[in-house]
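Here are a few exercises on nonpolar packing and aromatic pairs. Have the viewer open and work through them in order.

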Amino acid sequence: METDSGYSSTAELQKQGEKLSHALRISAYVFSTGLLIFTALANSVSWFTQSITLGNFWQSTWLEFYEYMEGDEWSIFLIGAALVPALAFWGFNGILLVADITGKPTFITRYRIQLGKNDPVDKKKLWKAIYTALGNQFFVSFPMLVPMFYVMQWWDNTFSKELPTFQWFLVELSIFTVVEEILFYYTHRLGHHPVLYKHIHKKHHEWTAPIGVVSIYAHPIEHIVSNTLPVMTGPMLMGSHIVSVAAWFSIALVTTSISHCGYHLPLLPSPEFHDFHHLKFNQCYGVLGVLDFLHGTDRMFRQTKAFERHKVLLGLTPLSESIPEPPKKEE
């Protein structure tokens with residue numbers, strides 16, 4: 001009988017251990033390759049990034065805000081690293097929660113991935129997820145910003161009066177994404193080890209058909225190691241400007257909400273990949289899917305209709321209609 005974590009025997013556990021060891025070696029290769037690409041990219045655009053800023057409007061707006069805050073770096077940091085991302089997260093999820101609870105508007109609910117699930121959502125289960133998400137934000141994420149603040153102060157660039165160039169921000173965004181992919185993939189995969197899964201990661205997998213707010217519904221240890229550190233590490237390594245940090249944290253929170261939302265909406269990134277992970281447990285551990293491809297942890301996914309649907313929807317017809325699941329075989 002298959003266990004909750006998706007592993008069926010001791011032999012398979014040993015096999016997973018060998019795969020993880022091999023995965024770490026591949027990780028070193030991916031990281032070193034990414035570093036070389038980053039170095040080449042940084043050199044090629046350096047002349048461009050020295051002269052072009054995010055724009056006079058944004059520069060002047062930032063200076064006005066900086067003067068209004070009287071250069072209080074701690075307050076500026078809290079607004080940029082905590083308040084702005086939190087508003088982005090709950091603003092986006094507030095819209096989704098209306099659809100989850102009421103089943104309306106239909107222009108959202110008609111794009112549901114797992115048909116018949118959370119229609120409507122279990123309110124008792126939902127409130128538990130909301131309380132846990134708020135607890136993780138206030139008692140885990142926000143306290144972690146304190147040591148991050150001092151790291152960013154040490155770089156002596158985070159609160160500069162001059163904004164980074166837009167080109168440099170794009171370079172940073174690429175680095176942040178690579179760092180997050182590596183750290184999240186391996187910490188997430190480690191969380192599926194039976195010992196850790198039972199005591200820590202199983203909480204997140206109570207939702208086999210997730211919704212947006214479930215993206216940070218997790219055990220506090222998991223929230224630190226897998227949810228928060230992979231996102232914080234990139235800016236700390238780069239000594240990024242607080243505006244870049246605010247933008248990146250907001251993007252990361254909205255993106256993970258999309259991955260968990262349960263709706264494959266037009267023009268938004270496909271959530272099929274991570275939705276399949278919640279459905280099957282031992283597939284699709286990463287964010288981008290690059291490391292899953294390298295390690296073969298998406299092989300089952302690639303054989304499904306969900307993989308065919310894993311693309312940006314450019315039309316209005318739900319992909320569950322244009323690429324439906326095959327009829328279930330009668331027993």
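Contact here means heavy atoms within 4.5 Å. Keep in mind that you're looking at a predicted model.

**Exercise 1.** Find the residues that methionine 148 touches, leaving out those up to four places away in sequence.

*Solution.* Start at the side chain of Met148 and apply the contact cut-off of 4.5 Å between heavy atoms. You should pick up Phe77, Met232, Pro235, Met236, Val245 and Phe249. Next, zoom out to the largest nonpolar core, which has 29 residues. Met148 is among the residues with the most contacts inside this core, along with Phe77, Ile242 and Phe249. Now ask which elements give two or more residues to it: helix 2 (56-68), helix 3 (73-102), helix 5 (123-155), helix 6 (166-190), helix 8 (220-238) and helix 9 (242-260). Helix 5 supplies the largest share, six residues. Finally, look for a second, separate core: that one has 14 residues, including Phe89, Ile130, Ile211 and Tyr217.

**Exercise 2.** Classify two ring pairs, Phe57 with Trp58 and Phe273 with Phe301.

*Solution.* A pair of aromatic rings is described by the distance of the centres and the angle of the planes, and a plane angle over 60 degrees counts as edge-to-face. The whole structure holds 20 aromatic pairs. For Phe57 and Trp58, the centres are 5.0 Å apart and the planes sit at 75 degrees, so call this one edge-to-face. Phe273 and Phe301 are edge-to-face too, at 5.4 Å centre to centre and 90 degrees between the planes.

Then check what the second pair connects. Phe273 belongs to helix 10 (residues 272-280) and Phe301 to the loop between helix 11 and helix 12 (305-309), so the pair ties together parts 28 residues apart in sequence.

**Exercise 3.** Is phenylalanine 57 buried or exposed, and what about phenylalanine 273 and phenylalanine 301?

*Solution.* Under 20% relative accessible area is buried, and over 50% is exposed. Phe57 comes in at 55%, so it's exposed. Phe273 has 7%, so it's buried. Phe301, at 1%, is buried as well.

**Exercise 4.** Which residues form a nonpolar patch on the surface with Val290?

*Solution.* First, place Val290: it lies in helix 11 (residues 290-295). Second, check its accessibility: with a relative accessible area of 42%, Val290 is partly exposed. Third, add its patch partners, Val287, Leu288, Phe293 and Leu294. Together with Val290, they have about 440 Å² of accessible area.

Technical notes. Residues are numbered from 1 along each chain as its sequence is written. This is a predicted model: local features need pLDDT of at least 70, side-chain atom pairs count only at pLDDT 80 or more; totals for chains, interfaces and linings use all residues. Side-chain values use heavy atoms; hydrogens and water are left out. Patches are made of residues with over 30% relative accessible area and no salt bridge: like charges are joined within 9 Å, nonpolar side chains (Val, Leu, Ile, Met, Phe, Trp, Tyr) within 5 Å. Accessible areas come from the Shrake-Rupley method with a 1.4 Å probe; for residues, only the protein chains shown count as cover. A salt bridge is a side-chain nitrogen of Lys or Arg within 4 Å of a carboxyl oxygen of Asp or Glu. Helices (H or I, at least four residues) and strands (E, at least two) are DSSP runs, numbered from the N terminus. Buried means under 20% relative accessible area, exposed over 50%, partly exposed in between (1.4 Å probe, protein chains only). A nonpolar core is a set of buried Ala, Val, Leu, Ile, Met, Phe, Trp, Tyr and Cys residues joined through side-chain atoms within 4.5 Å. Rings of Phe, Tyr and Trp (its six-membered ring) pair if their centres lie within 6.5 Å; planes under 30 degrees apart count as stacked, over 60 as edge-to-face and the rest as tilted.
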